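Colleague: I'm new to this one. Could you walk me through it and tell me where the labels come from?

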Amino acid sequence: MDEQNQELPEGIVIRFRDCFSVRYIQSASLFCRLGYELEKEYATTGTLSAEQRLRHEAFILNAIFSSVAFLESTINELWSDAADNAYFFSDEKNEALLQAVGEKWKNENYFDRTPLPNKYQKILEIGEKPLFEENDPDYSGIKDLIGIRNYLMHYRREWIVIQTDRTPGAHAETHAEKFERLLKNRFDENPLAPQNLPFFPDRCLGHGCAEWAVTTSLSFTDRFFRNLGLPAPYEGIRDELATR
C-alpha cells in the first residue's frame, strides 16, 4: 500500500504553515542565474535566437517580480505568525517581540493597506528598534525596486522620448526618465540591448538589474532581521541564492 496515500485516522487533524518567501527568493535567484547564462553565451557567440532573447526577457522580468514577492511575503509571514500566535522561539526575548507585534498591530485591514516599506518600519518601531533612514541605500533600493515592479505590473503605455531638452522643467518627467535618473550606473546594463535604445526598459532590464533586485532585497531583509534579533526564514538555503 502507498503510505503517502493512506487516509488519516478519523478525528486526526494536521496543520502546517507554508513559507512562500523562501520559494520566491529561490525563484528570483534561479531566474537571475538563467538570465546570466544567456548573457554569457551572447558574449561568446555574439548572437542569440529569437527564442533565447524571449527567454532572457522572461527570466529578467520574473527575477524582479519574484524579488518583490519575496519582500511582500517575508513581512506578511512575520506579521501573520505574530497575529496568529504561531511562533516558536526558544529565546523569550524573541517571543516577547512577536507577542508585542501581534498585540499592537491587530488591524488586518490597516496592515494590508500599509505600503510595503512602511510595514517593515512599523514592526521595527513596535520592537523599539532603529528605523531605516529614508536615504539608506538598501531602504531606498527596495523602494525603487517596488516602483519598477509596480510600473511593470500595472503597465500603461507612454511616449518614450529618445532625444529631448534636458533642461529641468522643460517637460513632465516620464516613467522611463525617472527610472533612468534613479537607476543608471547602479548596475551593468543589458548587453543584448543596442546603445541607441532608451535606458528604460531596454538597456535597464538585464542580468545586472535582476542581480541588483535579488541582492538589494536580501541585504535589506538581512539587516531587518538582524536589527530585530530574529533568525531570517531563508537562513538555511543561502547556498541556493547565487545570482550567477
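Modeller: Here are some ring pairs, a helix and two charges.

Modeller: This is a predicted model, with local features needing pLDDT of at least 70, side-chain atom pairs counting only at pLDDT 80 or more, and totals for chains, interfaces and linings using all residues. Residues are numbered from 1 along each chain as its sequence is written, and side-chain values use heavy atoms, leaving out hydrogens and water.

Colleague: Why is Phe 132 called buried?

Modeller: Buried means under 20% relative accessible area (exposed is over 50%, partly exposed in between; 1.4 Å probe, protein chains only). Phe 132 has 6%, so buried fits. Phe 220, at 0%, is buried too.

Colleague: What makes the pair of Phe 132 and Phe 220 tilted?

Modeller: Rings of Phe, Tyr and Trp (its six-membered ring) pair if their centres lie within 6.5 Å; planes under 30 degrees apart are stacked, over 60 edge-to-face, and the rest tilted. Here the centres are 4.6 Å apart and the planes at 35°, so the pair is tilted. Phe 132 sits in the loop between α5 and α6 and Phe 220 in helix α9, so the pair ties together parts 88 residues apart in sequence. Helices are DSSP runs (H or I, at least four residues; strands are E, at least two), numbered from the N terminus.

Colleague: How do you know that Lys 119 lies over the face of Phe 111?

Modeller: The rule wants NZ of Lys or CZ of Arg within 6 Å of the ring centre and within 35 degrees of the ring normal. Lys 119 is 4.2 Å from the ring centre of Phe 111. Arg 23 likewise lies over Phe 20, at 4.5 Å.

Colleague: What about α3, which residues are buried there?

Modeller: Asn 94, Leu 97, Leu 98, Ala 100, Val 101 and Gly 102.
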